[in-house]
Every structure is written in C-alpha cells, then in structure tokens.
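Got your viewer open? Grab the mouse and let's take a walk through this structure, one selection at a time.

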Amino acid sequence: MNTKKVAFYTLGCKLNFSETSTIARSFKDEGFKRVEFNEEADIYVINTCSVTENADKRFKTIVKQAQKVNEDAFVIAVGCYAQLKPEELADVDGVDLVLGATEKFKITDYLNDLSKNDMGEVHSCEIDEADFYVGAYSIGDRTRAFLKVQDGCDYKCTYCTIPLARGISRSDKLENVLINAAEISAKGIKEIVLTGVNIGDYGKGEFGNKKHEHTFLDLVKALDEVNGIERLRISSIEPNLLKNETIDFVSDSNTFVPHFHIPLQSGSDALLKLMKRRYMSSLYTDRVAQIKRVMPNACIGVDVIVGFPGETEEHFLETYNYLNELDISYLHVFTYSERDNTPAAEMEGVVPTKVRKKRSKMLRGLSAKKRRAFYESQLGNTCTVLFEGENKEGYIHGFTENYVKVKAPWDPALVNTLHQIELTSIDEDGMVRFEFASEKVAV
C-alpha cells in the first residue's frame, strides 16, 4: 500500500506556524508522510491569514501552485480566512474542503474520501463556539520553536478581524505549557518563542471561563525554571499588558532574552482612540523607557499601521516624528487595508491608496535607519549567538539574544549551536560580522 503524502503552506503569523506544525503531527499519526509544498502530494493543506488583503489574494496563487504539481490532489483550506469567508474559499477552483476555527484540529476526521469535489465542502462553526483551547507548537527547524500559549482576543480594535476569526481570549493550562516546553527542549531545540493572539492576556480562559488563576508574569516565571531551555523569547505583546514587573523579571532572567515586540499602530492619540486601542502614546513611551532603563541593549520592535481612515498628513507626521525620537530598533509596517465586518471599513476619511503606499515607504525607510543605528550601537559588545540551519549563498546566519542578525562563512558544525562572539562590523547587506570571543557556550 502506498503511503499517502501531505504538504503544508502557512500564511501569516507565528501562531499559524505553530498550529500548522501541530496539524502536521496529526497527519503523521494517521500514517501520512509530510513532503515539501513544491513536491507531489495527495493532500495540500493551506493555513490562511486574514490580517491583510495581500494574504487573501495570495491564497489563489498558492492553490494554483499545488494544482501545477498534482492536479488531482485534495486541497484543504484552514485558518482565519477559512473561518471568516469559508464560502469564498470554497468557490476557488481546486479547493475541496474548508475547515473553520474549531474544525481545523480535527482535520483527519474529514479525510474519508479524497476524491476531487466540483465545489468545496465547508465545515465551520459560529465563532462563539470557538471557546475551547487547543495547544500547539512548531518544530519546523532545529534552532527555534513557536510555542502557543494563548488564542483568541477580547479586544475590539476597529480594524481587526482576529476576534471574528479566532473567538474569545483563552489560554492553555500552565502545566500543559510547561509539558510542551519540556518536550521541545528534549528535541534539542535551543530557543522557544512564546506566541498567541494576545499573549499578555495569558491566564484568561485557562479553565474554559474567565476565571484567572495565572497571569502572564506567572507563566514567564514558571517557564524560566524549565530545565534544558537555552533561550525564551516573548513575541508580540500589547503595551498595556507588558507590566513593569515582567520587564524587570526578564532583565534578571536566566533564559528570557532582551527582545520585545510591542504593537504601537499609531503615534497619534487621536488615531489610537479611533482604533480603540487600550493605551495612549504616553504609556508606550513609558514602556520603552522602562525596558531601556533595565536593559540598555534590549531590542524593541514596533508594529505600526499607515493609512488608517482619518489619518491626515499631520497625524502621519506625528507618528513618524514620535517613532524617530523613540529608542526603538526596527518597525513592522502594515499598510491599512479594509476588512469586511470591521467598524474601520465604514469610517470616513479614507486615505487614497497612493498616499498609503507613500507613507508606508517612508516608515520602512525609517525602520532601516533605526535597525542600522541599533546594530551600530552594539558593535564591540560581546553577545551569544544561536546559529541557524540554512546555507544561504555560502553563509550561515544567526541571531544574538538581543536579535542582532549576524553572518559568517557556512560551516555545518555551527548549526544549532550557541557561541560567545564579539560584534565587529556591519556588512554591505546590513548584517553584522563578528569574531569568536571564546569557546562554545553550549552545543
């Protein structure tokens, strides 16, 4: 009997990658062999994203890629876009099955018949039924894993569809998180990145209701004591939920690294109110100042949206100047795109596409300047680097604990090892060169 093959494609965030990895393990348990997406497979699973219009458009292209390799393959769509617009995805030529927020983790239950359908079959719940938690972690490469600790969101940001796609805020039980972290560590993976939709909300929904026994700080403290983990990294966390106690704990931690990614979205308080964000720019300023006070070399990344309805030239310049003055390291710039069923899509003051693109380009230029300045500030410092597993044009890359990207001539012996290095110069491609400072810290 031929072993059935399955391939996966993930759009969007780290949380999606952790969930794809977990879904892939369920296929393996059913006897499937996982292959690369560009290889011939019996089933292609596409984990979708709905955060931007671009992610929506890419879905059709990815389906076509799968059909080119095997036109008879069974194509399944899961993820946020599959929950929000299941019928739209089912209408795409070549799609056979669409699974919503709760169904995606039971994917192998739907595989009784892999014959192609004339029309995609849809199984999706009402989003208020997505009130239970499914744990996940990714172990796609050997150096780091994405560990899901929380799902869903109770916030009502006016531009965002994630609460509609993923449901209410809910968390994994602390004991489960610690078990997963230990499992990851036992596989020889050196770094764990904590991920979720709103991880600072951790604790909520831990028991299937709003009762809190644990907080995000409890989670951080407990993970810091798990044996065998070399590095823990916090992914994106809301500024109002990143408490000073957490910042202070990370500064003294054995394993948590000095790197924070904190969504801002706008430097204009007027726009933050329109977005229904839960803070003003002054709170954001305080968080950055506290991080830099206790961790002067910390890396701070910022999410920012340009072109939100009502964003005037003055509002944009307010954001630009605010970020320019702020002691941050890089930006993730999102060009606002209208999302159905969100209040922002109905707002007045629509910013022309051309203006959105121009503002986006300006902020990306600012990001490059910020990253360069941060890297320059780190030259001469001694850091620990974790080397990645990919040979990129004869070079191996790695990241320091504070997220400086370094490069060296390819050496397979360095893969997934930690070394002390001294940062010496910045290459023409913007990456940092170094000298080994001492013997290996760990292998």
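What follows is a tour with several stops, and you should know from the start that this is a predicted model.

**Stop 1: a sheet and its edges**

Start by selecting strands β1 to β6. These six strands form an open sheet, and reading across you meet them in the order β2-β1-β3-β4-β5-β6, with parallel pairing. Which strands stand at the edges? Color β2 (33-35) and β6 (121-123): each has a single partner strand, so one side of each is left without a neighbour in the sheet. Now turn the view to look across the strands: from one strand to the next, the twist averages 25°.

Zoom in on β1 (residues 5-10), which pairs with β2 in the parallel sense over three bridges. Pick valine 6 here, and you'll find its bridge partner in β2, arginine 34. Next, show helix α1 (residues 14-29), which packs on the sheet and touches β1, β2 and β3 (43-48). Compare directions while you're there: that of α1 makes about 170° with that of β1.

**Stop 2: rings**

Time to show the aromatic side chains. How many aromatic pairs does a search of the whole structure find? The count is 13. Try tyrosine 9 and phenylalanine 37: their ring centres are 5.2 Å apart and their planes sit at 75°, so this pair is edge-to-face. Tyrosine 9 belongs to strand β1 while phenylalanine 37 is in the loop between β2 and β3, so the pair ties together parts 28 residues apart in sequence.

Are these two equally covered? Tyrosine 9 counts as partly exposed because its relative accessibility is 22%, and the cut-off for buried is under 20%. Phenylalanine 37 has a relative accessible area of 9%, so it is buried.

Now jump to phenylalanine 387 and phenylalanine 434. The centres of their rings are 6.0 Å apart and the planes are at 45°, so this pair is tilted. Phenylalanine 387 is in strand β16 (residues 382-387) and phenylalanine 434 in strand β20 (residues 432-442), so to speak two distant parts of the chain, 47 residues apart, linked by one pair. Both of these phenylalanines are buried.

Before you move on, select Phe8, Phe27 and Phe32: ring pairs link them into a cluster.

**Stop 3: a fully covered strand**

Select strand β8 (residues 144-148). Is β8 mostly covered or mostly open? It is mostly covered, with five of its five residues buried. Turn on the side chains to see which way they go: Arg144, Phe146 and Lys148 point one way, Ala145 and Leu147 the other.

Add the partners of β8. Strand β7 (residues 137-138) runs antiparallel to β8 and is joined to it by two bridges; look for serine 138, whose bridge partner is phenylalanine 146. Strand β11 (residues 191-195) runs parallel to β8, and five bridges join the two. Here, alanine 145 stands opposite isoleucine 192.

**Stop 4: a hairpin**

Move along to β17 (residues 395-400) and β18 (residues 405-409), which pair in the antiparallel sense over five bridges. Glycine 398 stands opposite valine 406 in β18. The two strands form a hairpin with four residues between them, and tyrosine 403 in the turn has a positive phi of about 65°.

Click on isoleucine 396, which sits in β17. Its relative accessible area is 0%, so it is buried. Leaving aside neighbours within four places in sequence, its contacts include Phe387, Val406, Trp410 and Leu414. From its C-alpha atom to that of phenylalanine 436, 40 residues apart along the chain, the separation is 14 Å.

Last thing here: find lysine 407, which lies over the face of tyrosine 395, at 4.0 Å from the ring centre.

**Stop 5: cysteines**

A disulfide is a covalent bond between the sulfur atoms of two cysteines. How many disulfides are counted here? The count comes to zero. Select cysteine 80: the nearest cysteine sulfur, that of cysteine 49, is 6.4 Å away. Cysteine 80 counts as buried, because its relative accessibility is 8%. Finish at cysteine 160, where the nearest cysteine sulfur is that of cysteine 157, 6.2 Å away. Cysteine 160 is partly exposed, with a relative accessible area of 24%.

Terms used:
Residues numbered from 1 in each chain as written. Predicted model: local features only at pLDDT ≥ 70, side-chain atom pairs only at ≥ 80, totals over all residues. Heavy atoms only, no water. Buried < 20%, exposed > 50% of the residue type's maximum accessible area, 1.4 Å probe, protein only. Pairing = 2+ DSSP bridges. Contact = heavy atoms within 4.5 Å. Axes fitted to C-alpha atoms, helices over the stretch in contact; angles between N-to-C directions. Phe/Tyr/Trp six-rings, centres within 6.5 Å; stacked < 30°, edge-to-face > 60°. Lys NZ or Arg CZ within 6 Å of the ring centre and 35° of its normal. Disulfide = S-S within 2.5 Å.
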